[in-house]
Amino acid sequence: MGLFSFVKSAGEMLGIGGGEKESESEALKQQVADLGLDSEDLEVSVEGEKVRVSGTAADQETKEKIVLAVGNVAGVSEVEESIEVTNPEPEAIFHTVASGDTLWKIAETNYGDGSKYTRIFEANKPMLKDPDKIYPGQVLRIPRLT
């Protein structure tokens, strides 16, 4: 189980924070489904600015992408997850994008080689659709080099 922090004012606008907990939970579940992130018996609940998510994911990557899919939403400041993983793998590092960041710069910092930015881009699909469209406050997966 993990607790992850997000920038409440950054992210996709799904109407989180309006008070309709059931519809907010359904909107977040739909966000996960729309991104094609498979999870068995996915449960999502919203408690103020905190989202709790549980279920079973096939691998660590899918688990982390589910956390990012519900956390990179305006109105969400924390995600508490208890997602079981069928095939455990090493966890990725999470990076909060700062003003002026690019995937190249993030790759240089984390890998020592900016040209590895495509690895970060691929690790954040389908949430990222263009490597040039990241924004301050967004949280990205930085997979470990193997």
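I take strands here as DSSP runs of E with at least two residues, numbered from the N terminus. With that in hand I looked up Asp 41 in this predicted model, and I found Asp 41 in strand E2, which covers residues 39-47. Its phi is positive, at about 40°, although Asp 41 is not a glycine. I then checked the accessibility of Asp 41, which comes to 53%, and since exposed means over 50%, Asp 41 counts as exposed.

**Overall fold**

I next went through the secondary structure and noted four helices and six strands, which run from the N terminus in the order β-α-β-β-α-β-β-α-α-β. The radius of gyration is 15 Å, close to the 15 Å that the globule rule gives for 146 residues, so I enter the protein as being as compact as a globular protein of that length. Along the principal axes I read a C-alpha trace that spans about 45 × 35 × 25 Å.

Of the 146 residues, I have 42% down as buried. When I looked at contacts between residues at least 6 apart in sequence, I saw that 68% of them join residues at least 24 apart.

**Surface and charge**

For the accessible surface I wrote down about 7,600 Å², with 47% of that belonging to carbon and sulfur atoms. I also looked up the charges, which are 15 positive and 27 negative, and the mean positions of the two sets lie 5 Å apart.

**Aromatic pairs**

How many aromatic pairs does the count come to? I have two in the notebook, and I followed up the one formed by Trp 104 and Tyr 117. The ring centres of Trp 104 and Tyr 117 are 6.0 Å apart and the planes stand at 35°, so I record this pair as tilted. The pair links distant parts of the chain, with Trp 104 in helix H3 (residues 103-111) and Tyr 117 in helix H4 (residues 117-123), 13 residues apart.

I then asked myself whether Trp 104 is buried, exposed or partly exposed. The relative accessible area of Trp 104 is 43%, which makes Trp 104 partly exposed, and Tyr 117, at 27%, is partly exposed as well.

**Ser 5 and Lys 63**

I turned to Ser 5, which sits in strand E1 (residues 2-5) and which, with a relative accessibility of 55%, counts as exposed. Setting aside the neighbours within four places in sequence, I found Ser 5 in contact with Ser 77 and Val 139. I also took the C-alpha to C-alpha distance from Ser 5 to Gly 112, which is 26 Å for a separation of 107 residues in sequence.

Is Lys 63 buried or exposed? I had placed Lys 63 in helix H2, residues 60-71, and its relative accessible area of 12% is under the 20% limit for buried, so I list Lys 63 as buried. Beyond the neighbours within four places in sequence, Lys 63 is in contact with Ala 57, Glu 81, Ile 83 and Val 85.

**Peptide bond at Pro 126**

My last entry concerns Lys 125 and Pro 126, which are joined by a cis peptide bond with omega at about 5°. I traced Pro 126 to the loop between H4 and strand E6 (139-142).

Methods. Residues are numbered from 1 along each chain as its sequence is written. This is a predicted model: local features need pLDDT of at least 70, side-chain atom pairs count only at pLDDT 80 or more; totals for chains, interfaces and linings use all residues. Side-chain values use heavy atoms; hydrogens and water are left out. Rings of Phe, Tyr and Trp (its six-membered ring) pair if their centres lie within 6.5 Å; planes under 30 degrees apart count as stacked, over 60 as edge-to-face and the rest as tilted. Buried means under 20% relative accessible area, exposed over 50%, partly exposed in between (1.4 Å probe, protein chains only). The radius of gyration is taken over C-alpha atoms; the globule rule is 2.2 Å times the number of residues to the power 0.38. Contact means heavy atoms within 4.5 Å. Accessible areas come from the Shrake-Rupley method with a 1.4 Å probe; for residues, only the protein chains shown count as cover. Lys and Arg count as positive and Asp and Glu as negative; His and the chain ends are not counted. The place of a charge is taken as NZ of Lys, CZ of Arg, CG of Asp or CD of Glu.
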